[in-house]
Each structure stands twice: as structure tokens, then as C-alpha cells.
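Please find below some notes on the model, set out as numbered points. They go from one helix to the contacts around it.

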Amino acid sequence: MTTPIFSTLPERVAWARKCSGLTPNRLSVLAGLDRSHVRLIEDGAPRTAADTVGKIAGVLKITTDWLIRGEGEVPDEEALRALGKSLGANDDVGPDPQAA
């Protein structure tokens with residue numbers, strides 16, 4: 001499957017997270033962020049700090065260049081899926097009724 005081209009950071013974060021099978025809640029916690037932080041980013045929060053993007057990229061093992069600008073190495077869907085399974089993609093850390 002070809003990786004779609006996204007024009008915004010929220011779209012790229014959401015795509016990578018969904019490929020991994022992680023909920024926004026789970027990714028937030030794994031990245032050391034407030035539980036709702038990834039959801040806020042995906043919903044288009046007006047500003048996202050570079051260190052926050054770095055934490056998310058670190059958990060998902062993807063580049064910050066791709067998350068921020070859509071440039072550089074495009075994440076591999078299968079690798080994200082495997083990573084998600086290793087991170088407990090099906091083991092949420094708490095209720096998240098809006099998980100996608």
C-alpha cells in the first residue's frame with residue numbers, strides 16, 4: 001500500500017498512530033505526555049512544541065522531519081504495525097472513548 005501524502009502535522013501524526021494501532025491515549029502516555037495531548041494535536045491544536053513532536057517521533061520510530069514537514073524518510077506501515085504490537089497496541093492504559 002502506498003503511503004498517502006498529508007499536508008499537515010495533525011494528519012501525519014494521526015496516520016502514523018493509526019498504522020501502529022495505538023490509541024491517542026496510549027501514544028500520549030508512551031511519549032510521556034498528558035493523556036489527551038496526542039488527541040489535541042490530531043484535532044489541530046494551534047501549536048505543537050518541537051520537543052513534543054520529538055517524543056512522538058521517538059515512540060513511533062519515525063523522523064521528526066517527516067512529522068513536521070512531510071519530508072525525509074516515509075514511515076513504513078508494516079513497521080509501524082509491528083511496533084504498535086510490541087508496544088501493546090491492544091492494551092490501552094485507560095478509557096479513551098474517542099480512540100480511532
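What covers the buried residues of helix 1? The cover includes helix 2 (24-30), helix 3, helix 4, helix 5 and helix 6. The points below give the context.

1. Basis. This is a predicted model, in which local features need pLDDT of at least 70 and side-chain atom pairs count only at pLDDT 80 or more, while totals for chains, interfaces and linings use all residues. Residues are numbered from 1 along each chain as its sequence is written, and side-chain values use heavy atoms, with hydrogens and water left out.

2. Overall make-up. The chain has six helices and zero strands, in the order α-α-α-α-α-α along the sequence. Helices here are DSSP runs of H or I with at least four residues, strands are runs of E with at least two, and both are numbered from the N terminus. Of the 100 residues, 41% count as buried; buried means under 20% relative accessible area, exposed over 50%, and partly exposed in between, with a 1.4 Å probe and protein chains only. The exposed area is about 5,600 Å², of which carbon and sulfur atoms supply 53% (Shrake-Rupley method, 1.4 Å probe; for residues, only the protein chains shown count as cover). Among contacts (heavy atoms within 4.5 Å) between residues at least 6 apart in sequence, 62% join residues at least 24 apart.

3. Helix 1. In this helix 10 of the 12 residues are buried, so the rest of the structure largely encloses it. The buried residues include Leu 9, Pro 10, Arg 12, Val 13 and Trp 15. At 1.5 Å a residue the helix should span 16 Å, and its end C-alpha atoms are 17 Å apart, which agrees; the expected span is 1.5 Å times one less than the number of residues. Gly 21 follows helix 1 and has a positive phi, near 85°.

4. A buried salt bridge. Arg 17 and Glu 42 meet through their side chains in a salt bridge of 2.5 Å, N to O. Arg 17 lies in helix 1 (residues 9-20) and Glu 42 in helix 3 (residues 37-42), so the pair ties together parts that are 25 residues apart in sequence. Both partners are worth checking for burial: Arg 17 is buried at a relative accessible area of 0%, and Glu 42 is buried at 14%. Arg 39 joins Arg 17 and Glu 42 in a network of salt bridges. The criterion is a side-chain nitrogen of Lys or Arg within 4 Å of a carboxyl oxygen of Asp or Glu, and the structure holds six such bridges.

5. Salt bridges in helix 6. Arg 81 forms a salt bridge with Glu 78, with the closest N and O atoms 2.5 Å apart, and another with Glu 77 at 3.9 Å, N to O. Glu 78 and Arg 81 are three residues apart in helix 6, about one turn. Glu 77 and Arg 81 are four residues apart in helix 6 (residues 77-86), again about one helical turn. An α-helix has 3.6 residues a turn, so residues three or four places apart point the same way. As for accessibility, Glu 77 is buried at 12%, Arg 81 is partly exposed at 31% and Glu 78 is exposed at 52%.

6. Nonpolar core. The largest core has 21 residues, and those with the most contacts inside it include Ala 16, Leu 27, Ile 56 and Leu 67. A core is a set of buried Ala, Val, Leu, Ile, Met, Phe, Trp, Tyr and Cys residues joined through side-chain atoms within 4.5 Å. Helix 1, helix 3, helix 4 (50-60) and helix 5 (64-69) each supply at least two of its residues. Beyond four places in sequence, Ile 56 touches Leu 27, Ala 31, Leu 33, Val 38, Ile 41 and Leu 67.

7. Leu 67. This residue is found in helix 5 and is buried, with a relative accessible area of 0%. Leu 67 and Leu 9 are 58 residues apart along the chain, yet their C-alpha atoms are separated by 5.7 Å. Leaving aside neighbours within four places in sequence, the contacts of Leu 67 include Leu 9, Arg 12, Val 13 and Val 53.

8. Aromatic rings. The structure holds two aromatic pairs. The ring centres of Phe 6 and Trp 15 are 6.2 Å apart and their planes are at 45°, so this pair is tilted. Rings of Phe, Tyr and Trp (its six-membered ring) pair if their centres lie within 6.5 Å; planes under 30 degrees apart count as stacked, over 60 as edge-to-face and the rest as tilted. Phe 6 is partly exposed at 22%, whereas Trp 15 is buried at 11%. Ring pairs link Phe 6, Trp 15 and Trp 66 into a cluster.
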